[in-house]
Amino acid sequence: MPTGGGLTPWLPVCFGAGAAAYFLPAFEPAAWPALLGLCLAAAGGAVWRGRGVAAVLPVMLLLGSMGFLDAMWSAHRREPMPFLPGRAVVLHAVVAATETVSRDEGEARRRLVLRDGVFESGVDIGMAPLRRVLRVMQRADDPARPEVGARVRLRALLRPPAPPAVPGGRDVQREAWFSGLAGSGRALGPVTLLSPGSGGGLESLREAVAARVAAALPGQVGAIAATLLAGKGERIDRAVRQDFAASGLSHLLAVAGLHLGLVMAAVIVTLRLGFALWRRAADHWPCKEIAVCAGFVAGAGYVLLTGAHLPAVRALGMAAIGVLAVLTGRRVLSMRALALVALGVLVVAPESVLDVSFQMSFAAVMGLIAGYDALRPWLRRARSWLAGHGLALVLTSLLAGSATLPVSLAHFGVLQPWFVLANLVAVPLAAVWIMPLGLAALLLMPLHLAGGALAAMGAGIALVMRLAHAVAGLPLAQTAVPAMPGWGIAAYFLGLCWVCLGVGRLRLAGIGPVLLALASPWLVARPVVLVAPDAGVMAVREGGVLAFGPVGGLDRGVEADWLRSLALPRGVLAGCEQGLCRVGGILLRVRDRSDGEVLPVCDGVTLFVSVSPARGACAGRPVVDRFSVWRDGAYAAYRDGDGWRLVSDRSWRGERLWVPPPGGRGRPNLPLAPAE
């Protein structure tokens with residue numbers, strides 16, 4: 001194992017590998033293998049202590065076992081998923097947060113995050129309040145604006161977290177299990193205020209800042225400014241997000257290390273200049289240390305104000321170690337500092353190892369640190385200050401973008417080849433224009449003098465928006481690629497860690513796993529037939545397109561997931577308008593008013609897919625019908641010689657805590673029966 005920088009940089013790698021191992025099996029694993037690993041690590045440490053590389057193996061086993069146990073404990077301590085009524089229900093709850101969501105048609109809607117929910121129905125009398133939160137969209141014509149802490153009553157239609165649209169796809173149910181979400185829905189009537197909110201608090205402050213920004217900067221410019229200053233990004237339109245994604249500027253819409261660094265830099269530079277102009281302070285005070293500490297305090301306040309998202313928390317941890325390094329005269333940025341922050345995040349939330357923001361954040365910083373360490377001798381040869389900073393800007397964009405590119409391919413299925421070009425202009429604009437003015441606006445808001453700073457900030461944001469739109473319109477700006485398998489992203493991080501943490505020529509061996517990961521989407525079989533979790537939509541891959549049957553409004557998300565997963569253009573299944581059609585040997589029943597009572601003719605059929613119960617039709621052939629998806633979720637059918645291999649979501653995910661039983665219902669909320 002490479003030992004560049006010592007063993008410390010490998011500690012979070014081993015811990016994260018153990019945490020990821022907990023999520024791999026298709027069953028709920030036992031704790032005894034990890035406990036056995038702890039015992040073996042202790043024994044190996046005692047036997048091989050001080051014996052070079054052999055002494056490292058017990059440490060790796062120890063960290064891996066601890067990561068596995070931490071992930072298991074984190075999963076088991078979560079509250080079980082509650083049973084949500086399948087019909088409309090009257091709900092009593094407390095408002096935990098409010099969000100403004102921008103719809104595709106440009107209409108802004110208000111969404112309530114509710115806690116301590118109680119259902120007002122005959123079967124739920126005496127139920128305990130929900131220990132998970134609900135997200136409910138208000139009606140567009142509802143004038144109610146409940147504050148945080150208010151108790152409300154409303155009639156809503158609720159639904160639990162959706163299962164994966166394709167076996168092996170994004171697991172929203174697992175994400176909801178760890179985030180504390182019970183489900184979401186929409187209000188069917190106006191919200192009734194039972195008691196007013198307490199007001200105040202951090203969430204109310206964020207709402208107030210977002211409202212001030214929206215009043216000064218209407219439209220999408222204000223939505224982006226509210227995201228940068230208060231972490232309220234719900235009003236950003238999908239078209240704007242797509243432009244930023246296609247141009248490689250999505251990181252500007254997610255409050256993370258870049259924004260924190262710019263805020264801290266603005267405070268530190270301002271204070272250093274002020275101290276330099278004050279002779280007494282310059283001569284007698286530790287100006288550098290005071291400025292750095294003040295910058296860290298401002299950065300911590302900014303992270304709290306914007307919602308304390310994981311990338312920002314990671315960056316704040318790095319900043320804390322950097323401040324400590326300045327105060328003690330040590331090196332500010334190093335792999336050891338990144339490793340300590342990563343290990344801290346994983347210990348607190350081991351499920352973050354599967355989170356895209358965690359993966360992209362640490363991949364970017366790891367690539368930057370390793371890249372600058374390797375290229376520092378060439379950077380020192382720059383003949384002018386301008387050339388050195390220009391080269392550093394190009395390298396920063398190239399290193400961070402290249403390190404996160406495979407992660408983006410794995411989670412989003414798109415390639416943005418023009419990210420360097422867009423970042424060369426957008427990042428300097430954010431550094432010297434947008435964020436300093438935004439910080440000034442925050443400081444001037446209590447004095448009601450933030451209008452000018454916000455207007456100037458909005459001009460910079462508008463310029464970046466035009467840049468993103470222009471770059472998004474370039475050829476191949478957003479090229480779709482097939483979904484990367486799980487082993488592909490694992491191979492990539494193995495190779496990335498080997499390249500960044502290794503020493504000498506041995507680190508070049510990590511290039512092999514990276515190349516394998518990039519090729520992995522084309523090394524795995526792709527399904528021929530896809531069936532939605534409710535059998536409401538089905539599609540067949542033929543002739544280089546993904547041909548769909550009729551798609552209802554509730555299945556638009558499934559359709560988008562399938563197109564993104566296979567990176568194919570959309571087609572239409574010909575002849576399926578009447579409900580029954582054939583594609584080669586595949587018989588599809590996409591509509592059926594008889595509920596399966598009318599049996600189809602199955603001559604020459606090798607696979608039967610039906611939106612209704614099969615009821616014995618096409619006996620002896622593989623069948624996927626309504627009962628199949630009710631029991632096992634989404635299906636994917638693969639060619640297997642002359643036959644078919646059927647893979648269901650349940651066979652893929654198995655029996656895990658976050659996988660609901662057949663039917664998709666959670667634990668009932670009814671009170672316990674009295675003892676006899």
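This report walks through a few local features of a predicted model, from a surface patch to helix packing, salt bridges and some individual residues.

**A nonpolar patch on the surface**

Let's start on the outside. Trp-32, Leu-36, Leu-40 and Leu-61 come together as a nonpolar surface patch, and their joint accessible area is about 430 Å². Helix α2, which spans residues 32–47, supplies the largest share of this patch, with 3 residues. Trp-32 is part of helix α2. With a relative accessibility of 59%, Trp-32 counts as exposed, because the cut-off for that class is over 50%.

**Two helices that cross**

How should one picture a pair of packed helices? The description rests on the angle between the two axes and on the distance between them. Here the pair is helix α6 (residues 219–230) and helix α16 (residues 451–472), which pack at an angle of about 105° with axes 9 Å apart. Angles from 65 to 115 degrees count as roughly perpendicular, and α6 and α16 are therefore placed in that class.

If you would like to find the contact in the structure above, look on the α6 side for Gln-220, Val-221, Ile-224, Ala-225, Leu-228 and Leu-229. Their partners in α16 are Leu-454, Met-457, Gly-458, Ile-461, Ala-462 and Met-465.

**Salt bridges**

Side chains that carry opposite charges can pair when their charged atoms come close. How many salt bridges does a search of the whole structure find? The count is 19. Three of them are set out here.

| Salt bridge | N to O distance | Relative accessibility of each partner |
|---|---|---|
| Arg-115 with Asp-116 | 2.7 Å | Arg-115 35%, Asp-116 29% |
| Arg-564 with Asp-561 | 2.4 Å | Arg-564 39%, Asp-561 31% |
| Arg-615 with Glu-597 | 3.6 Å | Arg-615 40%, Glu-597 55% |

In the pair of Arg-115 and Asp-116, Arg-115 is partly exposed, and Asp-116 is partly exposed too.

The pair of Arg-564 and Asp-561 sits in helix α19 (residues 556–566). These two residues are 3 apart in the helix, so about one helical turn separates them. Arg-564 is partly exposed, as is Asp-561.

The side chains of Arg-615 and Glu-597 also form a salt bridge, with their closest N and O atoms 3.6 Å apart. This pair links distant parts of the chain, with the two positions 18 residues apart: Arg-615 lies in the loop between β15 (607–610) and β16 (623–624), while Glu-597 lies in the loop between β14 (586–589) and β15. Arg-615 counts as partly exposed, whereas Glu-597 counts as exposed. Both also belong to a network of salt bridges that links Asp-595, Glu-597, Arg-615 and Arg-626.

**Positive phi angles outside glycine**

Asp-116 deserves a second look for its backbone. Its phi is near 55°, a positive value in a residue other than glycine. Asp-116 belongs to strand β2, which covers residues 108–120.

Ala-535 is another residue with a positive phi, about 60°, although it is not a glycine. Where does Ala-535 have its place? Look in the loop between β9 (529–531) and β10 (538–542). Ala-535 has a relative accessibility of 1%, and because buried means under 20%, it counts as buried.

**Two buried residues and their surroundings**

Glu-351 is found in the loop between α12 (335–348) and α13 (356–379). Is Glu-351 buried or exposed? Its relative accessible area is 17%, so it falls in the buried class. Leaving aside neighbours within four places in sequence, Glu-351 is in contact with Phe-23, Ser-74, Arg-78 and Phe-178.

Met-366 takes us into helix α13 itself. At 11% relative accessibility, Met-366 counts as buried. Which residues does Met-366 touch, not counting those up to four places away in sequence? They are Met-335, Leu-338, Leu-496, Cys-497 and Cys-500. Leu-338 is 28 residues from Met-366 along the chain, and the C-alpha atoms of the two are separated by 7.6 Å.

Note on methods. Residues are numbered from 1 along each chain as its sequence is written. This is a predicted model: local features need pLDDT of at least 70, side-chain atom pairs count only at pLDDT 80 or more; totals for chains, interfaces and linings use all residues. Side-chain values use heavy atoms; hydrogens and water are left out. Patches are made of residues with over 30% relative accessible area and no salt bridge: like charges are joined within 9 Å, nonpolar side chains (Val, Leu, Ile, Met, Phe, Trp, Tyr) within 5 Å. Accessible areas come from the Shrake-Rupley method with a 1.4 Å probe; for residues, only the protein chains shown count as cover. A salt bridge is a side-chain nitrogen of Lys or Arg within 4 Å of a carboxyl oxygen of Asp or Glu. Helices (H or I, at least four residues) and strands (E, at least two) are DSSP runs, numbered from the N terminus. Buried means under 20% relative accessible area, exposed over 50%, partly exposed in between (1.4 Å probe, protein chains only). Axes are lines fitted to C-alpha atoms, for helices over the stretch in contact, and angles run from 0 to 180 degrees between N-to-C directions. Angles under 35 degrees count as roughly parallel, over 145 as roughly antiparallel, 65 to 115 as roughly perpendicular and the rest as oblique. Contact means heavy atoms within 4.5 Å.
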